[in-house]
Amino acid sequence: MSTFQAPKGTYDLLPPSSATYLAVREAISAPLRNSGYGYVETPGFENVELFARGVGESTDIVTKEMYAFETKGGDRLALRPEGTASVLRAALEANLHKAGNLPVKLWYSGSYYRYERPQKGRYRHFSQVGAEAIGAEDPALDAELIILADQAYRSLGLRDFRILLNSLGDKECRPAYREALQDFLRGLDLDEDTRRRVDINPLRVLDDKRADVQKQLAGAPLLRDHLCDACRAYHQEVRELLSAAGVAFEDDEKLVRGLDYYTRTTFEFVHDGLGSQSAVGGGGRYDGLSEMIGGPALPSVGWALGVDRTVLALEAEGVTLDLPATTSVFAVPIGEEARRRLFGVVTQLRKAGVATDFAYGGKGLKAAMKAANRSGARYALVLGERDLTEGVAQLKDMESGEQEPVALDAIVEKLGSRLA
Ligand code: ATP
Ligand code: MG
């Protein structure tokens with residue numbers, strides 16, 4: 001061990017399990033890449049104001065969880081706690097919305113940072129894959145994103161997850177609901193912090209996890225009963241499109257996001273094997289966000305799925321991904337001249353696209369064959385002194401144990417076609 005350890009709330013991805021993380025990112029993004037979403041990458045930090053406005057001044061993320069700092073040049077920056085604000089900022093900055101092709105559909109993958117209390121499934125550095133569809137108000141777009149996330153989880157072999165769905169209304173119907181909710185909440189026995197939340201962010205109170213609060217919320221007015229006709233019709237259309245696609249969901253009237261720029265569709269993916277960190281992903285419509293960060297009106301919808309928790313969900317369900325072996329051929333030279341000659345063959349094999357590794361460090365045959373075994377390679381390619389004089393190498397099938405001589409200048413072709 002060195003003097004240093006990974007910072008609190010973080011962990012390293014190391015082989016072999018790191019391959020699972022790569023495969024999860026790949027599986028989540030595959031349906032997006034197949035559906036017209038283009039890859040976007042933004043910096044790991046942004047002007048802190050972008051998140052204050054784009055996530056919300058009154059959210060936990062901004063008030064408690066953000067890594068904000070001042071640079072030597074005096075800029076106020078923050079490590080990104082989430083992806084949507086950055087992606088929208090980038091799209092607006094590059095005028096993607098003016099190219100005349102709305103919605104702009106983007107996907108991303110990367111690291112996010114939140115100063116949280118570390119526990120299983122909750123880290124200070126974590127990884128998300130996300131998608132945003134910017135600039136169109138169309139229930140089919142909301143449905144598309146939910147269907148693609150469902151497809152992603154299923155392609156990984158996950159089954160014990162549920163989709164929770166709600167509508168948050170819009171600027172027509174939510175203000176009246178907000179007031180009705182505030183009236184109700186002000187009549188409850190709540191602590192000072194929560195009473196403050198009733199003033200700034202009353203919808204968030206519905207999301208309170210504490211049992212004594214939940215008990216008091218039993219008779220709370222529900223947004224469902226306050227939706228305007230347009231929001232009701234929109235929500236019904238999303239629900240019907242999901243049902244038609246065979247995607248099961250549950251209506252959850254208490255699923256909320258507190259801020260005014262989140263509108264209509266909101267959803268969360270929860271996994272039942274994860275205990276209290278059960279949300280594997282979430283998203284929804286944010287029709288007012290663009291204006292909040294100084295852009296034009298651009299109704300948009302998106303989601304972010306947590307890679308770390310998705311990996312935990314796989315473990316909880318006992319799913320092991322069928323990952324291709326990283327090494328197909330492991331080359332074992334015996335002696336100095338064989339080493340030079342075989343290293344050349346290895347380079348040729350790699351050029352031909354055959355995943356090949358080599359016994360480095362002048363190992364003896366026994367240790368080298370052990371390394372070949374550990375590598376998981378399908379074949380070992382052994383070159384001894386006598387083979388050299390005969391112009392062949394011994395190709396050993398690691399599964400059957402069978403061995404055959406192959407002419408040195410025919411190896412690339414032979415292995416290329418066998419492994420194709
Ligand atoms: P939670 O309610 O668990 O705090 P959240 O509402 O803060 O989640 P989002 O901001 O919607 O989460 O982020 C989307 C997804 O990113 C979450 O569903 C989760 O899978 C993942 N995620 C969020 N915060 C963390 C974290 N600190 N560690 C690991 N994964 C996280
Ligand atoms: Mg959180």
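# Reasoning from cut-offs in a predicted model

User: How many disulfides does the count come to in this structure?

Analyst: In this predicted model, the count comes to zero disulfides.

User: What makes Cys 173 a cysteine that is in no disulfide?

Analyst: The nearest cysteine sulfur to that of Cys 173 belongs to Cys 228 and is 3.6 Å away. A disulfide requires a pair of cysteine sulfur atoms within 2.5 Å, and because 3.6 Å does not meet that cut-off, Cys 173 is in no disulfide. As background, a disulfide is a covalent bond between the sulfur atoms of two cysteines.

User: And how do you know that Cys 231 is in no disulfide?

Analyst: The reasoning runs along the same path, for the nearest cysteine sulfur to Cys 231 is that of Cys 228, at 3.6 Å. With the cut-off set at 2.5 Å, Cys 231 is therefore in no disulfide.

User: Why is Cys 173 called buried?

Analyst: Cys 173 has a relative accessible area of 5%, and because buried means under 20%, the word applies to Cys 173. Cys 231, with a relative accessible area of 1%, is called buried by that rule too.

User: Why does Ala 23 count as buried?

Analyst: Ala 23, found in helix 1 (residues 18-33), has a relative accessibility of 18%. Because this value is under 20%, Ala 23 counts as buried. Ala 23 and Leu 321 are 298 residues apart in sequence, yet their C-alpha atoms are 8.1 Å apart in space.

User: Why is Asn 95 called partly exposed?

Analyst: The relative accessibility of Asn 95 is 36%, and since partly exposed lies between the 20% limit for buried and the 50% limit for exposed, Asn 95 counts as partly exposed. Asn 95 sits in the loop between helix 4 and strand 5.

User: What makes phi of Asn 95 worth a remark?

Analyst: Phi of Asn 95 is near 55°, which is a positive value in a residue other than glycine. Most residues other than glycine have a negative phi. Arg 264 is described in a similar way, with phi near 50°, but its place is in strand 9, and Arg 264 is buried, with a relative accessible area of 8%.

User: Which peptide bond is cis in the segment that leads to Pro 103, and what is its omega?

Analyst: The peptide bond from Leu 102 to Pro 103 is cis, with omega near 0°, and Pro 103 lies in the loop between helix 4 (84-93) and strand 5 (104-113). Another cis peptide bond joins Pro 15 and Pro 16, with omega about 5°, and Pro 16 is in the segment before helix 1. Most peptide bonds are trans.

User: What makes up the lining of the second largest pocket, in terms of nonpolar, polar and charged residues?

Analyst: The second largest pocket has a volume of about 390 Å³. Of the 16 residues that line this pocket, the closest to its centre are Asp 170, Lys 171, Asp 260, Thr 263 and Gly 288. The lining divides into four nonpolar, two polar and ten charged residues. Asp and Lys count as charged, so Asp 170, Lys 171 and Asp 260 belong to the charged group. Helix 6 (174-186) and strand 9 (263-271) each supply at least two residues of the lining, and helix 6 gives the most, with three.

User: Where do the domains lie, and how far apart are their centres?

Analyst: Domain 1 covers 18-173 + 227-317, while domain 2 covers 329-418, and their C-alpha centres lie 48 Å apart.

Methods. Residues numbered from 1 in each chain as written. Chains lettered and ligands numbered in written order. Predicted model: local features only at pLDDT ≥ 70, side-chain atom pairs only at ≥ 80, totals over all residues. Heavy atoms only, no water. Domains from an automatic or database assignment. 1 Å grid on protein atoms, 1.4 Å probe; cavity = no way out; pocket = protein on both sides within 12 Å on 5 of 7 lines; lining within 4 Å. Points joined across faces, edges and corners; volume = space filled by probe spheres on them. Helix = DSSP H or I, 4+ residues; strand = E, 2+ residues; numbered from the N terminus. Buried < 20%, exposed > 50% of the residue type's maximum accessible area, 1.4 Å probe, protein only.
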